[in-house]
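Q: Please take a close look at one part of this model, the surroundings of the ligand, and place it within the chain as a whole.

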Amino acid sequence: MRGTPEPDLAKATEAARDLLIALGLDLADDVLAETPGRMAKGYAELLTPREFDLTTFPNDEGYDEFVIARRIPFRSLCEHHLLPFVGVAHVGYMPGDRILGLSKLARVVELFACRPQVQERLTMQIATWLDGRLKPKGVGVVLEAEHMCMTLRGVQAAGTNTVTSALLGMARTDARTRQEFFSLVAAGL
Ligand SMILES: Nc1nc2c(ncn2[C@@H]2O[C@H](COP(=O)(O)OP(=O)(O)OP(=O)(O)O)[C@@H](O)[C@H]2O)c(=O)[nH]1
Ligand SMILES: [Zn+2]
């Protein structure tokens, strides 16, 4: 499962070199000689999710409470500045006919995080993907992240943490289920 086309590292290296020179850096200095190539590889890595198989199992026991993976670490790039935003995701669902391999909850976060993003869209894409693939009874996603474009530059509001959530199915429509999801997430904080 691949979200992005293959990057052209040679072209990206050349462009990184031009960018650094335009920013006033002296690329004749030996310490920066390899930097454009590392920048190209670094951004390519941040924009390329690892491939994975979507492994599901029949829900033979009829498990119908929440399964939640808390504190999944993630990093993405804000689409405005291409600076990182970094945090944790709490991703849960209430199974229907099938349950998902647990690691896939972290894989799907990475799938959508490895592209230019806003936190709101990233949150919704994770929830919508799980809803579409698993047809569960409910889905809940909470993301907490620090945006470097907000904490290291610009307004420089150091330590600010942004929280977003997306709820689908029963987690959205049933007040008690919604409350239970947030309680289970908060219990891990
Ligand atoms: N809603 C949303 N906004 C984001 C996200 N990441 C970054 N931003 C914001 O995108 C906005 C871009 O605003 P601009 O005014 O075009 O950019 P700017 O001049 O660099 O703004 P400042 O950051 O205020 O200096 C900023 O307010 C960022 O904080 C995100 O995930 N969601
Ligand atoms: Zn930004």
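A: Helices (H or I, at least four residues) and strands (E, at least two) are DSSP runs, numbered from the N terminus. The model is predicted: local features need pLDDT of at least 70, side-chain atom pairs pLDDT 80 or more, while totals for chains, interfaces and linings use all residues. Residues are numbered from 1 along each chain as written, with chains lettered from A and ligands numbered from 1 in written order.

The protein chain contains 7 helices and 7 strands, in the sequence order α-α-β-β-β-β-α-β-α-β-α-β-α-α. After helix α1 comes Gly-24, which has a positive phi near 95°. The C-alpha trace spans about 65 × 35 × 20 Å along its principal axes. Of the 189 residues, 26% are buried (20 or more other C-beta atoms within 10 Å; 12 or fewer is exposed, in between partly exposed). Of the contacts (C-beta atoms within 7 Å) between residues at least 6 apart in sequence, 71% link residues at least 24 apart.

The shell around ligand 1 (C-beta within 6 Å) consists of Cys-78, His-80, Val-118, Gln-119, Glu-120, His-147, Cys-149, Met-150, Gly-154 and Val-155. By class, the shell has 5 nonpolar, 4 polar and 1 charged residues. Two helices, α4 (119–134) and α5 (148–151), each contribute at least two residues to the shell.

An unreviewed UniProt entry lists Cys-78, His-81 and Cys-149 under "binding site"; such annotations may be inferred rather than shown by experiment. These three residues span 72 residues in sequence, but no two of their C-alpha atoms are more than 7.9 Å apart, so they gather at one spot. Cys-78 and Cys-149 also belong to the shell around ligand 1.

Cys-78 lies in strand β2 (residues 67–78). Cys-78 is partly exposed, because 18 other C-beta atoms lie within 10 Å. Beyond its neighbours within four places in sequence, Cys-78 contacts Leu-83, Phe-85, Gln-117, Val-118, His-147 and Cys-149. Val-118 and His-147, among these partners, are shell residues as well.

Cys-149 sits in helix α5. Its 16 C-beta neighbours inside 10 Å make Cys-149 partly exposed. With residues up to four places away set aside, Cys-149 touches Cys-78, His-80, His-81, Leu-83 and Gly-154. That list includes Cys-78 and His-81, which the UniProt entry names together with Cys-149. It also includes His-80 and Gly-154, both members of the shell around ligand 1. Leu-83 is in contact with Cys-78 and with Cys-149.

Terms used. Contact = placed C-beta atoms within 7 Å. Nonpolar A, V, L, I, M, F, W, Y, C, P; charged D, E, K, R; others polar.
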